[in-house]
Amino acid sequence: MAGAAALAVIAVATRQPLPRNPVVWAHSAVVAVLLCVVPFLLFGWAEQHVDSALAGIYNATTPLMTTLVALAALPGERLTRAGLTGLAVGFAGVIVVLAPWQGLSGAIAAQVACLLATLCYGLSFVHLRRFVSPLGLPAVAAWGATRASTVTYLTPIVGVALGIVVLGEELSWHEPAGAVVVLLGMALVQAPSRRATAPASGAPGPSPRPAPAS
């Protein structure tokens, strides 16, 4: 309710009319469920069984999940060889955070719930990119689904800091180490392709200046 009230105030202050197209409302409802309702319920349940710092670290897998969904649903966002390598590195980071060598504890279901929540985030970003951006929101279209989802990298920093300072939580070595590996993988995923940055070899050079008349 507070969020809806804040948006209503912004709409009135900026004199932005509410959308009349029912398709916009339908897509907004899908995004609301995927971006807020389901992930918040999953994280709320999971944090009864895992530390807030660990939940925050899992939140950093959102761009990874977004990349996976985008590969299936957005033909225009294809990965290079470096991107595929980064995807594998990111998954390795998730495994490090999970620490399967310590055995499967009772909290494994809560950790899976965190991953399902970030999968919902990934689905929502791709849904925005594919169905909402064409309706008049070019900013998400300019960034792309994966790059837009990287705003979630701020969440682990806040979650870990507040967990340690406010709740007195402690970190195991593999949790921040795995988070670093995830970030490294996403850096590889988003690295620009050499083909895209290098000039084409067959591109024509500047036209020579005509020789002065004698």
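**Figure 1. Accessible surface and overall make-up of the chain in a predicted model.** About 13200 Å² of the chain is exposed, and 70% of that area is supplied by carbon and sulfur atoms. Of the 214 residues in the chain, 35% are buried. The model, which is predicted, contains 11 helices and 0 strands, so that the pattern read along the sequence is α-α-α-α-α-α-α-α-α-α-α, a helix being counted from DSSP runs of at least four residues. When contacts are taken between residues at least 6 apart in sequence, 82% of them join residues that are at least 24 apart.

**Figure 2. The largest nonpolar core and a second, separate one.** The largest nonpolar core holds 25 residues, among which F43, Y58, V94 and C114 touch the most other members. At least two residues of this core come from each of α2 (22-46), α3 (52-59), α4 (62-73), α5 (81-98), α6 (108-132) and α10, and the helix that gives the most is α6, with 6 residues. Apart from this core there is a second, separate core of 5 residues, which includes V69, A73, L74 and V126.

**Figure 3. Close-up of T118 and the residues that it touches.** T118 belongs to helix α6, and because its relative accessibility is 0%, where buried means under 20%, T118 counts as buried. Leaving aside residues up to four places away in sequence, T118 touches F43, Y58, N59, T61, T62 and M65. Two of these contacts, F43 and Y58, are also among the residues that touch the most other members of the largest nonpolar core. A60 lies 58 residues from T118 in sequence, and the two are 8.2 Å apart in space, C-alpha to C-alpha.

**Figure 4. Close-up of L54 in helix α3.** The position of L54 is within helix α3, and L54 counts as buried because its relative accessibility is 8%, below the limit of 20%. When residues up to four places away in sequence are not counted, the contacts of L54 are V97, Q111 and E175. A separation of 9.1 Å lies between the C-alpha atoms of L54 and G163, although 109 residues part L54 and G163 along the chain.

**Figure 5. Close-up of I95 and G178.** I95 is found in helix α5 and is partly exposed, because its relative accessible area of 47% falls between the limits of 20% and 50%. In sequence, I95 and G178 are 83 residues apart, whereas in space their C-alpha atoms are 7.4 Å apart.

**Figure 6. A nonpolar surface patch that includes L167.** The residues V158, L162, I164, V165, V166, L167 and L171 make a nonpolar surface patch of about 670 Å². Within this patch, L167 is placed in the loop between α9 (154-165) and α10 (174-190). L167 counts as exposed because its relative accessibility is 57%, where exposed means over 50%.

**Figure 7. Close-up of R15 in the loop between α1 and α2.** R15, a residue other than glycine, has a positive phi value, near 60 degrees. The loop that holds R15 runs between α1 (2-14) and α2. With a relative accessible area of 76%, over the limit of 50%, R15 is therefore exposed.

**Figure 8. Confidence along the chain, with a view of residues 195-203.** The average pLDDT of the chain is 77, and 75% of the residues score at least 70. Confidence in the chain is highest in helix α2, at a mean of 92, and lowest in helix α11 (residues 194-197), at a mean of 48. Over residues 195-203 pLDDT stays under 50, and for this stretch the model has 1 contact beyond four places in sequence. Predicted coordinates should not be read in detail where pLDDT is low.

Terms used: Residues numbered from 1 in each chain as written. Predicted model: local features only at pLDDT ≥ 70, side-chain atom pairs only at ≥ 80, totals over all residues. Heavy atoms only, no water. Patch = residues over 30% accessible without salt bridge, like charges linked within 9 Å, V, L, I, M, F, W, Y side chains within 5 Å. Areas by Shrake-Rupley, 256 points an atom, 1.4 Å probe, with all protein chains shown as cover. Salt bridge = Lys/Arg side-chain N within 4 Å of Asp/Glu carboxyl O. Buried < 20%, exposed > 50% of the residue type's maximum accessible area, 1.4 Å probe, protein only. Contact = heavy atoms within 4.5 Å. Core = buried A, V, L, I, M, F, W, Y, C linked by side-chain atoms within 4.5 Å. pLDDT = per-residue confidence, 0-100.
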